[in-house]
Structure formats: structure tokens, C-alpha cells
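Trainee: Please take one strand of this model and walk me through its surroundings. I would like its pairing, its packing and a few residues in detail.

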Amino acid sequence: MRILVTALFLFLFGSATSAFAANVDTIDKDELKSILSSEDTVIIDVRAGRDWSSSEFKIQGAIREDPGDVASWAGNYGKDKTIVLYCA
């Protein structure tokens, strides 16, 4: 499973993800645009519930998952998929 995390996600979660982030690729918006239509890509919005529901900015086709409960949803996505987590 390949996981990509946006820089903003890393910034918001700071040192708690520093060990994890050392092993994760990041991408910019142009790279994301180039893989959005791929069937091998899963876009996961990990914003807090209220931040997500009140936002007018969402990536079309993204799935919203609770960032505090990764253990309950992480296994739902195939290891052959590219997983993109974002928090904006």
C-alpha cells in the first residue's frame, strides 16, 4: 500500500506524526490532479467532522474517514491502492 500525505496534514498534526511522516511521500496539487481519475487511487479526507461538514472545499470522489479511528477503517482499502490522505 502506498500512502501519500499532503504537507498541510503533516503541519496540522505536527510532532505526533514526525516518525510516521519520515516514511511517507508528499505530493503537490498538480501531482494529485494527475492521479485523481486513476482507479488505483483512493482519496481520504481526514478532517475533523465539523471542519469537513462546514467546508465548501472538498475533493470530488474523496471519502471522509475519522482521523481519530484509523484502526477501524485502514483495512478497508486494498494494499494495491495508492492512498492519499488530506486535511485542508
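Mentor: Here is a close look at one strand and what lies around it. Keep in mind that the model is predicted.

The strand is β2, residues 41-45. It is mostly covered: five of its five residues are buried. Its residues point two ways. Thr41, Ile43 and Asp45 point one way, while Val42 and Ile44 point the other.

Take the pairing next. β2 and β4 run parallel and are joined by five bridges. In that pairing, Asp45 stands opposite Tyr86 of β4. β2 also runs parallel to β3, residues 63-64, with two bridges between them. There, Ile44 has Ile63 as its bridge partner.

Now the packing. The largest nonpolar core has eight residues. Val42 and Ile44 belong to it, along with Val46, Trp73, Tyr77, Ile83, Leu85 and Cys87. Two elements, β2 and β4 (82-86), each give two or more residues to this core. A second, separate core has five residues, including Ile27, Ile43, Val84 and Tyr86. Compare that with the directions of the side chains: Val42 and Ile44 point one way from β2, and Ile43 points the other.

Val42 deserves its own entry. Setting aside residues up to four places away in sequence, Val42 touches Ile63, Tyr77, Lys81, Thr82, Ile83 and Val84. Of these, Tyr77 and Ile83 are listed in the largest core, and Val84 in the second.

Thr41 is also found in β2. Its relative accessible area is 14%, so Thr41 counts as buried, the cut-off being under 20%. A polar atom of the Thr41 side chain lies 3.2 Å from the backbone oxygen of Ile35. Ile35 is also among the residues that Thr41 touches beyond four places in sequence; the others are Thr82 and Val84.

Finally, step off the strand to Ala62. Ala62 is found in the loop between α4 (49-54) and β3. With a relative accessible area of 27%, Ala62 is partly exposed, because that value falls between the 20% and 50% limits. Along the chain, Ala62 and Val42 are 20 residues apart, yet their C-alpha atoms are separated by 7.3 Å. Beyond its neighbours within four places in sequence, Ala62 is in contact with Ile43 and Tyr86. Both of these contacts are listed in the second core.

Technical notes: Residues numbered from 1 in each chain as written. Predicted model: local features only at pLDDT ≥ 70, side-chain atom pairs only at ≥ 80, totals over all residues. Heavy atoms only, no water. Core = buried A, V, L, I, M, F, W, Y, C linked by side-chain atoms within 4.5 Å. Buried < 20%, exposed > 50% of the residue type's maximum accessible area, 1.4 Å probe, protein only. Helix = DSSP H or I, 4+ residues; strand = E, 2+ residues; numbered from the N terminus. Contact = heavy atoms within 4.5 Å. Pairing = 2+ DSSP bridges. Polar contact = N/O pair within 3.5 Å; in protein donor to acceptor, adjacent residues only side chain to side chain.
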